[in-house]
Amino acid sequence: MRFLTPPAPLGLHSPRMPSFSSDSRPVHTMEPFKRDEGVGGLVTDMSDALPVHVTVVIPTRNEEAAIVDTIRSVPSDGWCEKLDFLIIDGNSSDRTRELAEQEGAQVYLEPRRGYGRAYRTGFAMAPGEIIVTMDADCTYPGEEVPGLVKKLVEEDLQFITCDRLRKAEEGSMSGMHGFGNWALSFTARMLFWYGIHDSQSGMWVFRKSIMENPKMRPTNDGMPLSEEMKINARRCYGKEKAIEISVPYRPRVGEAEINTWADGRKNLIFLYLKRFGLNRTRSPWGPEE
Ligand SMILES: Nc1nc2c(ncn2[C@@H]2O[C@H](COP(=O)(O)OP(=O)(O)OP(=O)(O)O)[C@@H](O)[C@H]2O)c(=O)[nH]1
Ligand SMILES: [Mg+2]
């Protein structure tokens with residue numbers, strides 16, 4: 001295992017109160033996360049902390065501009081029993097790993113390329129019983145994490161995927177990107193009839209134990225892992241236990257390395273392969289021995 005740092009407890013960041021917006025459309029909503037607050041907004045009474053260990057898994061490749069703010073966006077003021085961050089870094093040539101370590105995150109170097117590859121390593125390694133995912137580019141709302149975890153735990157859910165399309169903030173998606181997302185999501189709905197609005201979202205909250213189910217484990221090492229996660233979750237756990245919640249989506253911080261056209265094409269091809277059971281795993285589950 002290539003840990004760059006031993007697991008370390010996170011220091012307290014300045015917590016931002018979670019913002020919870022309601023949505024009138026027929027999607028799940030969340031109750032505000034309430035807790036006793038002491039001086040400066042920090043929790044003084046830990047008795048209301050959720051009794052779970054949460055690991056936020058974040059794939060990174062050259063995200064020095066946003067990795068610190070991404071980690072700090074998740075409140076770390078005692079809302080759950082234990083919170084840690086696992087960064088799966090795809091051989092960044094900038095200061096991403098160094099900055100993440102300084103924030104107290106555990107950093108694992110995964111030189112095998114791919115967004116999906118990073119998660120297929122991270123899901124196996126995450127120490128927490130609940131896994132939260134997000135990009136390292138400040139696009140996803142870290143402040144919503146406590147409320148999402150609370151919902152998963154209290155409603156005994158297995159999987160939550162966050163829909164970005166209904167609450168996307170201005171400038172968060174270029175016209176082409178938005179169209180691509182819509183087209184892929186539409187195709188996925190038609191092929192799988194699974195009712196997920198945003199097939200490409202990369203923010204999920206789930207119980208690590210679901211990855212013990214071989215039918216839930218994603219096979220793809222690239223961007224298609226995102227749509228595969230939702231298809232598998234709905235197949236394995238249905239609409240009652242695998243739900244979709246709308247969250248804000250924000251403009252990216254830092255340069256993206258993805259190729260919109262090439263990745264869009266791969267995502268589309270993957271949907272058809274998966275539909276006919278022809279998708280194959282190219283590399284094994286988990287980190288390299
Ligand atoms: N470990 C690893 N991480 C990657 C790789 N490619 C992308 N990532 C990370 O995966 C996350 C998602 O990639 P993005 O570039 O944000 O892709 P996207 O969200 O579809 O594109 P944007 O909307 O432009 O943000 C980011 O945190 C990237 O740094 C890779 O090959 N390896
Ligand atoms: Mg992104």
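**A tour of the sheet and its helices**

Start with strands E1 and E4: they run parallel and are joined by 4 bridges. This is a predicted model. Select valine 56 next; its bridge partner in E4 is valine 132.

Now show the whole sheet. It is open, has 7 strands and mixed pairing, and follows the order E3-E2-E1-E4-E6-E5-E7. Go to the edges, where E3 (106-109) and E7 stand. Each has a single partner strand, so one side of each lacks a neighbour in the sheet. From one strand to the next, the twist averages 20°.

Add helix H3, residues 115-125. It lies across E1, E2, E3 and E4, at about 150° to E1.

Then select helix H4, residues 145-154. H4 runs at about 125° to E1 and lies across E1, E2, E4, E5, E6 and E7. How many of its 10 residues are buried? The count is 8, so H4 is mostly covered. Colour the buried ones: Val145, Pro146, Gly147, Leu148, Val149, Lys150, Lys151 and Leu152. Their cover includes strands E1 (50-60), E2 (80-89) and E4 (130-133), along with E5 (159-163), E6 (204-207) and E7 (242-246). After H4, stop at aspartate 156: its phi is positive, near 55°.

Last, select helices H6 (residues 225-241) and H7 (residues 260-275). Their axes come within 10 Å and cross at roughly 30°. The cut-off for roughly parallel is under 35 degrees, so H6 and H7 are roughly parallel to each other. The crossing of H6 past H7 is right-handed. Show side chains for Glu227, Glu228 and Ile231 of H6, then Asn267, Phe270, Leu271 and Lys274 of H7; these residues make the contact. They divide into 3 nonpolar, 1 polar and 3 charged.

Note on methods
Residues numbered from 1 in each chain as written. Chains lettered and ligands numbered in written order. Predicted model: local features only at pLDDT ≥ 70, side-chain atom pairs only at ≥ 80, totals over all residues. Axes fitted to C-alpha atoms, helices over the stretch in contact; angles between N-to-C directions. Helix = DSSP H or I, 4+ residues; strand = E, 2+ residues; numbered from the N terminus. Parallel < 35°, antiparallel > 145°, perpendicular 65-115°, else oblique. Left-handed = near helix turned anticlockwise from the far one by under 90°. Contact = placed C-beta atoms within 7 Å. Nonpolar A, V, L, I, M, F, W, Y, C, P; charged D, E, K, R; others polar. Buried ≥ 20, exposed ≤ 12 C-beta atoms within 10 Å, placed from the backbone. Pairing = 2+ DSSP bridges.
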